[in-house]
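Student: I am new to this structure and should be grateful for a close look at a single part of it. Please take one residue as the point of departure and work outward from there to its surroundings.

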Amino acid sequence: KKANMNEAIQNMEKLSNSDQIIVKTLSAYFVGKIYLKYEKNSLQAQPYFEWLSKTYPANHKFREYLQEAR
């Protein structure tokens, strides 16, 4: 299961660089949340929530996750 999870995270990381904003947004959110909440790795989560907070400044949840990751 861990190997499958790592592969899924790698795929989402690639998708977070997509040119399609919806794909990029959803991928960044989910990979950031996985790193923050499940992998307990705030350093890896931080760049995703920084981008999300900058791109969507009105979204309070993204800023909350960013603060948690710092």
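Tutor: Let us begin with a polar contact: the side chain of Ser 53 reaches the backbone oxygen of Phe 62 at 3.3 Å. The model is a predicted one, and every distance discussed here is computed from it. Ser 53 belongs to helix H3, which covers residues 42-55. With a relative accessibility of 10%, Ser 53 counts as buried, because the limit for that class is under 20%. If neighbours up to four places away in sequence are not counted, Ser 53 touches Phe 62, Arg 63 and Leu 66. Phe 62 is therefore both a residue that Ser 53 touches and the one whose backbone oxygen the serine side chain reaches.

The helix that carries Ser 53 deserves attention next. H3 has 14 residues, which at 1.5 Å a residue should span 20 Å; the C-alpha atoms at its ends lie 20 Å apart, so the expectation and the model agree. Its buried residues are Ala 45, Gln 46, Tyr 48, Phe 49, Leu 52 and Ser 53. Among the elements that cover these buried residues are H1, H2 and H4. An α-helix has 3.6 residues a turn, so residues three or four places apart point the same way.

Two further residues of H3 show how surroundings vary along the helix. Gln 46 lies in H3 and, at 18% relative accessibility, counts as buried because this value is under 20%. Leaving aside neighbours within four places in sequence, Gln 46 is in contact with Leu 66, Ala 69 and Arg 70. Leu 66 is also one of the residues that Ser 53 touches. Pro 47, likewise found in H3, has a relative accessibility of 46% and counts as partly exposed. The C-alpha atoms of Pro 47 and Ile 9 are 15 Å apart in space, while the two residues are 38 residues apart in sequence.

From H3 one may pass to the nonpolar core. The largest such core has 16 residues, and those touching the most other members are Tyr 29, Val 31, Tyr 35, Leu 36, Ala 45, Phe 49 and Leu 52. H1, H2, H3 and helix H4 (60-69) each supply at least two residues of this core. The largest share, six residues, comes from H2. Tyr 29 offers an example: not counting residues up to four places away in sequence, Tyr 29 touches Phe 49, Leu 52, Phe 62 and Tyr 65. Phe 62 thus appears again, for Ser 53 touches Phe 62 as well. In soluble globular proteins, nonpolar side chains tend to be buried together.

A second serine may be set beside the one with which we began. Ser 18 is placed in the loop between helix H1 (2-15) and helix H2 (21-38). The side chain of Ser 18 reaches the backbone nitrogen of Gln 20 at 3.0 Å, whereas that of Ser 53 reaches a backbone oxygen. Beyond neighbours within four places in sequence, Ser 18 is in contact with Val 23 and Lys 24.

Finally, consider the chain in which these parts sit. The chain has four helices and zero strands. Its radius of gyration is 12 Å, close to the 11 Å that the globule rule gives for 70 residues, so the chain is as compact as a globular protein of that length. Of those 70 residues, 31% count as buried, and Ser 53 is one of the buried residues of H3.

Technical notes
Residues are numbered from 1 along each chain as its sequence is written. This is a predicted model: local features need pLDDT of at least 70, side-chain atom pairs count only at pLDDT 80 or more; totals for chains, interfaces and linings use all residues. Side-chain values use heavy atoms; hydrogens and water are left out. Contact means heavy atoms within 4.5 Å. A polar contact is a pair of N or O atoms within 3.5 Å; within protein, one must be able to donate a hydrogen and the other to accept it, and residues adjacent in sequence count only if both atoms are side-chain atoms. Buried means under 20% relative accessible area, exposed over 50%, partly exposed in between (1.4 Å probe, protein chains only). A nonpolar core is a set of buried Ala, Val, Leu, Ile, Met, Phe, Trp, Tyr and Cys residues joined through side-chain atoms within 4.5 Å. The expected span of a helix is 1.5 Å times one less than its number of residues. The radius of gyration is taken over C-alpha atoms; the globule rule is 2.2 Å times the number of residues to the power 0.38.
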